[in-house]
Structure formats: structure tokens, C-alpha cells
Amino acid sequence: MNKFIFSISLMLLLISCRETEVIETYSIIPQPNSLRYADEYLTSDKTFNLQANHAEGVTLRDVLMSKADQYALTFSQGSDATPLLLMYDASLSNEAYRLVVDTEKITISASSQAGWLYGFHSVVQMLPVGDAGTFQLRCGTIEDAPRFVYRGMHLDVSRHFFDLEEVKEMVDQMVHYKLNKLHLHLTDDQGWRLQIDKYPLLTQMGAWREHNGQDSTCLEKAVEDATFIIPEKHYRIINGKRMYGGFYTKAQMKELIDYCQQRNIEIIPEIDIPGHFKAAIDNYPYLSCSGEAGWGTHFSYPACLGKASTYEFIENVLSEVAELFPSKYIHIGGDEVNKDEWKRCKKCQRAIRKAGLKNEHELQSHFNHHIEEFLAAKGKQLMGWDEIVEGGVSEHSTVMWWRNWAPNTIRDAAKNGNDVIVTPDFEYYFDFTHAATPLSKVYNFEPVPDDFTEAMAARVLGVQANIWTEGIPNTDRLYYQSLPRMLALAESGWTAKDLKSYSKFEERLPRHYRYFESQDLFYHLPVLGAYEDETVFIQNTAFQLEIPLEGMTVYYTLDGSTPTQQSAVYEGPVAIDQACTVRFRAYKGDVFSKIYEAKYTQQTPADAVEASVQPGLHRSYVEGRYWNCKDVPLTNIAAAQTRVDDFGLGQYEGQSNYALVFEGYFKAEEEGVYTFYTNSDDGDQLSVHGNIIVDNNPSHGPRMRRGSIALKAGLHPLQLIYCQIGGGAVQEVFVETPGQEKRLVQPAELFCKIN
């Protein structure tokens, strides 16, 4: 047989033998608000005949077809192509869509480009990832619309810069998950990123810097983690110096605005004023109170609000911003202002007296009102961080609530009639580590406080996640920090509250991990489980892991060196018979995890002590506000001791600004390793035999920490220091005894000396 004919025959045989994938359930994120399955199937191969019966749909069709390769789709007018119809339905609201899969076609009905767009991305998420050949898709009907009108992502391009194509790539992922607002943090102390014609030095010089501490930290981390490498493309030589930075010309920004508008994404520009203004003051020093740029204790020198020239400069900048951006919002920041400079500035103090203001807080509020009126005259609406509420703000401003520790600001804003965007520090800051803000924490946060009235709840426009880029110098790190947390945010912004389920969300994630890989997107791999950060053992133990995702391979070292793909492969429990630190990292294709560490400490069991004891503990009260247990004075506390049964707060519960010191003995029933856990708010420290075993300090919020020690049977001296500075009050001690599950320490295990 001719070799060519044989090869073609073999290829056709292999294709015909490929198992047809049957898709029984849709792995759509965010979860549709109504989904009904039928018992029939559509047979397809990702070849579609995309048709529209409305002018906006025809325009969108060209946008969608331009992304065919991205989603491994083929668009064809041929008779074998599956019809994909964009149909107009005036009864549907702006971003709503109806999606019907039957045995012959897929129909997306909507009243707007946004609805068709979101329906299309739901279709893409229903299909196999990549080149799947022929598949069968279960028929069904989706009727869907968002919970909130504002579903946003914030990107700080000042601390580290992301160029036009990199931002477009992020926009592609946002629209795939039905997010519709991109908040660009364009200016800060570290760089000015937008061309302003009237003040060319803002970008000629203010967009560039020599390495600062944030850059140095990234470079140090890059030694072991390539996601911290600073891209070479963001450097240039200026006046003989190697400078980092970049900026967007107005033409580039117009291109990005158009790109976003085609994808139903509104860009909200932020020009941070009057604080975080150093990149401007560096080049126009007359803007500060002192005539120079610099730093206070925590924040940079702000713009001087006692000079007419400051107002003129800011208004000229905002005029160009208002002309460039079609968004009705302009964000002015307004957070973390170093007001000490205003206290020292004669011009600012004169402005306070002239306007009849009480203090520097009201001076900033006076400035905000002026800018608000200025923007309103240009058809724009002021938006700012929740600090703008302090000192008063009109009901026309929109407030971004980010300070969890200032819960009244969101309530005050909503009561005042301000629209509110919910973007809390502890849940929606994606620059936080995944340990501090895990995926479940993002997903389970409810944006509307339980005590809001119906009228107050109506002021909550939606949600936004913030990405501050001090430690995010490239797109790999950007996606490591934001994926898959962005998907959890998207579901909170879109899906009805009573339809959300974290366990079901997790079930849909594997399909999206494959999607990330098909797009060459870095992402945060699911966390490795079943290991402890620190393990104490007597003779031997084992290092063992739980690998949560198929296809992940873990490499480890026992000598403290950096694990690479040339290191030992974890294939099951690893015997440990001497002290060591296991370092390990997971890989899935080109994506890798952080480096984990598990410390193993070999101990000889501590001897028990002899003492005349009675049941209970001695507890001492120490008055004062102690942020750290080490600051609690322990001299002369014996005189204030009382005997108690356990580690409870007793009569002190509900009080603030004190410390409690518990002293006594723990009775070990048998020789072995004992693991203690403390759950504390606002912090504690547990010592056994004078050695700190659990350092849960400071916690300032309910937090559990653990530590282990090898003990012989008998009594062992212990001490627990607890600090309470206000707010919640929790103090619990748990123990895991040899061969037993974790439980609360029982009064029968606690003893103190007989006085």
C-alpha cells in the first residue's frame, strides 16, 4: 500500500476510535441563576455558524470571531457547522441572557451586546477545553442575570507596570467570568502612568524610577520563584541611569477603552489625590507644603491644600482625564493622607481658618467637595476610598469600602444615600497571600451586611477585588494572585445569594484549571494537604501529603535546598528518623506552587516534675493595653492570683485593655508527643517547661495556632499569657494527646500548686 494512503487511513481510524465526550453538566462560573436540563443531547465538534438578527449582535459577532483561536473554536458557514444564534429579545434586562441548547442548535437571546457576550462565554465554558473532536452536550435552558450591576477588578499599575497587551489579556479573563468594571490605579508615589499633555514631566520623568525597596524584594524572591522576575521590557536608560517604569499614551488608552467597551467593561480611572502624590511632587515640587517631595512616618508628603496652584494643577489633570475616559466615574483615591504636613503648613492652617473648618480631616473633606463639584460640572461623579466619608461627603459621591476595621463607614455611607462598592481588605485584596485570604474566604463573604435595611442594601452597587502590585512585577505573579480567586469574586457578584454553594463551586473548578492552562495562564494550584508545618517526634515519623488535583507532581528535598523538577518525586510517605526540614513544591505542566516547608524536630521527652498540687490553675489579672504578650509585666503578679478551673475569661469577659496570666501544670497520662492549640482574640502565648510552644500573638481577630512537645507521663509546668485590647474576646486551649483527636483541655488535666 502507498505509505501516504496508509498514513491517512491510520489517522482516520484513530479519529474514528476516539471516545466521544459526553457533557452531562455545565461547569459554568459564575453559577447561572436558573438552569434546567433536558434528556437530549447536541452533537458538535466546536464548529459553529455564528448568526445574529440584530445590528448590535452583528457587531459583536466580529469581536467573538476574532477570539476563535483563543477558545479553540471554528466559525464556518458550512452546513455541518452547529448554528449558534444571537437573537434579540426586548423583554430581557440589559445584562441578562437566555441560552437554549437543543439537539440542532444553540440560541442566545438578549436585549444588548452585554447579554449576548455573557451568553457566548457561558457556551464556551460548557464546551470541552481545547481540541476535543466530536462531543455530546446535554440540552438545557439557562435564564440568567446578575445580582449586582458593579462587578469589578482593580489593578495597580503604579507600583509595577503592565503594558497595553498585558491589560488586554486581563480584560479577556474578566469578560470570560462576566466582570464588567476595570478600576485602573494610574498614579501613586511609585509612578505616574497616564500621559497628561499640560504636564509632560509626569510621564517623561514621573513614570520612571530607579529600583526601590519593592523592586529589591521581588528580585530577592525571584532567586527561588520565577514569578517574581521583573520583565526586562520595562527598563530603559534615562540620563545614563537604568530606570524601571512605563506609561500609557492617550492613544494607547483610547485603544484600551475601545477594547473594553466591545467587551462591556467600563474603565474607571484613579488619580490618587491629595495623598500618594509623590510621583507628581517629584517633578512639580511646588505642589507640596514644603516645596519638596518626601516621606512622613508612614506616607508621602501630600499635595498642599493651602495653595491655589495646587487646585489649578489638579483641575487641569482631571480635565484631561475626564475628556479621555467615557466612564461617569473618576476615582480620586483619598486614602492614607499624611495630614501631619498640613498641621505644620501655615498656608493649610490659613485655609482651615478661612473656610471655618475644625481640623485637617475637614480640610480634606472641603477639598473633596470642591473636586466633586468640579467633576460634576464635567458630567462626572466622584468616587473614592471610604476615608472620604470622614468629615462628611455629599450623597452624590460613590464610596469604596475597604477598611474592615471601620465598619461604620459603609453604614454611614449607605444611610447618607451614597452608592457603595464593597471591596474589603481581608476578603477581596488579592495581593494578600492565599493563606491569609484563601479561596473559600473570598467565596463565602457576603457583601451586604445583615443589619442593612432594604434601602441601605439598595445602595450596594456591587463588589470589587483589588490587586496592589508592590510584590507583583509580572503577569505570572498577577494570575498566581488572582486565579482562581477572581472566579469566586465573580460568582459573588453575579449569582443570587441563596444559590451559592462553595462545595459545588469547587466541583466546577477543575474544568477552569484546564482552561487556564489552555490560555497559558499561571494560577494558584490547590493547596497541598495532610502535612503539618512543624512536627515533633521521638524516634521516627513520616512526611506525607494529600495531593488535591490530578496531574500535580510534587518534588521535595530533605537537605534544605530548593526543590526543582530534578529533585525527588513524592510517591508516598517518606520515612523521617532525624531532624530535618522538608522543602517541596507542586508542578502541573508549567505552573508551580510556592515552596512549602515542613520542619521535623526530634525530641527526648521532657521529665515530669514533682509538686504538691490541687486541681485548677492560678490566674492573674494585669491591667493595661498590651499589643504583644512579651510586653505584659510578670513581676509581682502572684499577689493577685486566684484559682480557676480552666483557661476561661470568667468575670473579665466583655472588658477591654487587660492581660491574664494562667500558671499551673498539665498532667500527661502517658509518654508521647502532645500538640497544643490556642484559639485567641486578641493574642496569647503558651509555654511548657519555660519554652514557648504556641505563639499566637498578636492575633487581633479569632485565630488558631499550634505547637508540639514530647512529654513523659506526669506533671509539666505551663504558663499562658492572654491579651485583650477590645472587640471580640476568645481564649481556648486544645490538646491532641498520643493517638487521640484534638479536643479542649479538660479541667481534670490542669493543676496548680497548693498555696
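Buried means under 20% relative accessible area, exposed means over 50%, and partly exposed lies in between, with a 1.4 Å probe and protein chains only. The model is predicted: local features need pLDDT of at least 70, side-chain atom pairs count only at pLDDT 80 or more, and totals for chains, interfaces and linings use all residues. Residues are numbered from 1 along each chain as its sequence is written, and side-chain values use heavy atoms, with hydrogens and water left out.

**Exercise 1. Two residues to classify**

Decide whether V582 and S122 are buried or exposed, then list their contacts.

*Solution.*
- Step 1: place V582. It is found in strand 27 (residues 580-588). Strands (E, at least two residues) and helices (H or I, at least four) are DSSP runs, numbered from the N terminus.
- Step 2: apply the cut-off. V582 has 0% relative accessibility, so V582 counts as buried.
- Step 3: find the contacts, meaning heavy atoms within 4.5 Å. Neighbours within four places in sequence are left aside; V582 then touches F543, Y556, T557, L558, I576, Y596, E597, A598 and Y600.
- Step 4: take one partner. Y556 is 26 residues from V582 in sequence, yet their C-alpha atoms are 6.7 Å apart.
- Step 5: repeat for S122, which lies in helix 3 (residues 113-126). S122 is at 0% relative accessibility and therefore also counts as buried. Beyond its neighbours within four places in sequence, S122 contacts I28, Y97, L99 and K178.

**Exercise 2. A helix pair**

Describe how helix 4 packs with helix 17.

*Solution.*
- Step 1: get the geometry. Helix 4 (residues 164-176) and helix 17 (residues 475-482) pack at about 25 degrees, with axes 11 Å apart. Axes are lines fitted to C-alpha atoms, for helices over the stretch in contact, and angles run from 0 to 180 degrees between N-to-C directions.
- Step 2: name the arrangement. Angles under 35 degrees count as roughly parallel, over 145 as roughly antiparallel, 65 to 115 as roughly perpendicular and the rest as oblique. Helix 4 and helix 17 are therefore roughly parallel.
- Step 3: give the hand. Helix 4 passes helix 17 in a right-handed crossing. Right-handed means that the near helix is turned clockwise from the far one by less than a right angle; anticlockwise is left-handed.
- Step 4: list the residues. Helix 4 brings E166, E169, M170 and Q173; helix 17 brings T475, L478 and Y479. By class, this contact of helix 4 with helix 17 has three nonpolar, two polar and two charged residues. Ala, Val, Leu, Ile, Met, Phe, Trp, Tyr, Cys and Pro count as nonpolar, Asp, Glu, Lys and Arg as charged, and the others, Gly among them, as polar.

**Exercise 3. Strand 35 and its partners**

Work out how strand 35 is covered and which strands pair with strand 35.

*Solution.*
- Step 1: check burial. In strand 35 (residues 684-688), five of five residues are buried.
- Step 2: split by face. D684, L686 and V688 are buried on one side, and Q685 and S687 are buried on the other.
- Step 3: find the partners. Two strands pair if DSSP finds at least two bridges between them. Strand 35 runs antiparallel to strand 36 (residues 691-696), with five bridges. Strand 35 also pairs antiparallel with strand 38 (residues 714-724) over five bridges.
- Step 4: follow D684. Its bridge partner is N696 in strand 36 and Y722 in strand 38.
- Step 5: look at the turn. The hairpin of strand 35 and strand 36 has two residues between the strands, and H689 there takes a positive phi near 55 degrees.

**Exercise 4. Backbone exceptions**

Find where the cis peptide bonds before P274 and P484 sit, and where A72 and N239 take a positive phi.

*Solution.*
- Step 1: recall the background. Most residues other than glycine have a negative phi, and most peptide bonds are trans.
- Step 2: place the cis bonds. I273 and P274 are joined with omega about 0 degrees; P274 is in the loop between strand 16 (266-270) and helix 8 (278-281). L483 and P484 are joined with omega about 10 degrees; P484 is in the loop between helix 17 and helix 18 (485-494).
- Step 3: place A72. Its phi is about 55 degrees, and A72 lies in the loop between helix 2 (55-65) and strand 4 (74-75). At 31% relative accessibility, A72 is partly exposed.
- Step 4: place N239. Its phi is near 50 degrees, in the loop between strand 14 (235-238) and strand 15 (241-245). N239 is exposed, at 68% relative accessible area.
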